Amino acid sequence: MVSQTRQQTLHASLSIADDASEIPEIDSTLFDTSSTRKRARDIDDLLDEEPAKKRSQSAQKTWFYARPAGEGELERNKYGQKLWYCQRCRYGTGAPQRARDHMAKRHHVTIVEDESTVSAAHKQKIDDLFNKQQACQEGRDIEQEKHLRKA
């Protein structure tokens with residue numbers, strides 16, 4: 001029974017091959033070549049464009065204590081993040097906070113990063129909101145308001 005199935009499959013594949021020789025040629029004038037050319041030009045334009053602007057490196061003081069990747073060491077991790085390698089030993093990490101912790105624990109070097117402009121702006125906004133709320137509360141006596149609400 002198995003040999004019959006193999007023979008049927010072989011016979012079917014041979015008949016398909018015979019039928020393939022009878023397929024007429026395709027008329028190339030039926031296809032729109034202008035859209036194909038336009039797509040090719042678009043792809044070329046994308047390849048010619050300059051890459052997107054990269055972020056500037058943060059944690060400048062931490063990177064001061066870094067060294068380039070050595071032989072057999074990866075320059076970037078699997079997520080594309082640049083790896084930090086200690087100048088004084090073979091330690092490496094992708095997280096700047098871990099690098100600062102390493103420098104403090106192993107080499108007794110304390111690294112304090114400057115506050116970023118975005119973080120400073122956020123803190124300033126919060127301070128402004130608290131000051132505004134405090135100004136609104138200055139003329140109010142909360143204990144008196146509680147007493148009046150109970151009455």
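Me: How far apart are the end C-alpha atoms of helix α4?
Reply: This is a predicted model, where local features need pLDDT of at least 70, side-chain atom pairs count only at pLDDT 80 or more, and totals for chains, interfaces and linings use all residues. Residues are numbered from 1 along each chain as its sequence is written, and side-chain values use heavy atoms, leaving out hydrogens and water. Helix α4 (helices are DSSP runs of H or I, at least four residues; strands are runs of E, at least two; both are numbered from the N terminus) has twelve residues, 96-107, and the expected span is 1.5 Å times one less than that number. This gives 16 Å, and the ends agree, because their distance is also 16 Å.

Me: Which residues of α4 are buried?
Reply: Buried means under 20% relative accessible area, exposed over 50%, and partly exposed in between (1.4 Å probe, protein chains only). The buried residues of α4 are Ala-99, Arg-100, His-102, Met-103 and His-107.

Me: Why do these buried residues count as being on the same side of α4?
Reply: Look along the helix axis and take the directions from it to the C-beta atoms, which define the arc. On the other side of α4 you will find Arg-98 and Lys-105 exposed. The buried residues sit on the same side because their arc is only 160°.

Me: What covers the buried residues of α4?
Reply: Here we look for contact, meaning heavy atoms within 4.5 Å. The cover includes α3, β2 (84-86) and β3 (92-93).

Me: What is phi of His-108, just after α4?
Reply: His-108 lies in the loop between α4 and α5, and it is exposed, with a relative accessible area of 68%. Most residues other than glycine have a negative phi. His-108 instead takes a positive phi of about 55°.

Me: What is the volume of the largest pocket?
Reply: A pocket is an open set of points on a 1 Å grid over the protein atoms alone, with protein on both sides within 12 Å along at least five of seven lines; a 1.4 Å probe fits at each point, and lining residues have an atom within 4 Å of a point. Of the 13 lining residues, Arg-55, Ser-56, Gln-57, Arg-76 and Lys-82 lie nearest the centre. Points are joined across faces, edges and corners, and probe spheres set on them fill the volume. For the largest pocket that is about 450 Å³.

Me: Which elements give two or more residues to the lining of the second largest pocket?
Reply: This pocket has a volume of about 280 Å³. Nearest its centre, among 13 lining residues, are Ser-58, Ala-59, Asp-114, Glu-115 and Ser-116. The elements are α3 (60-63) and α5 (117-137).
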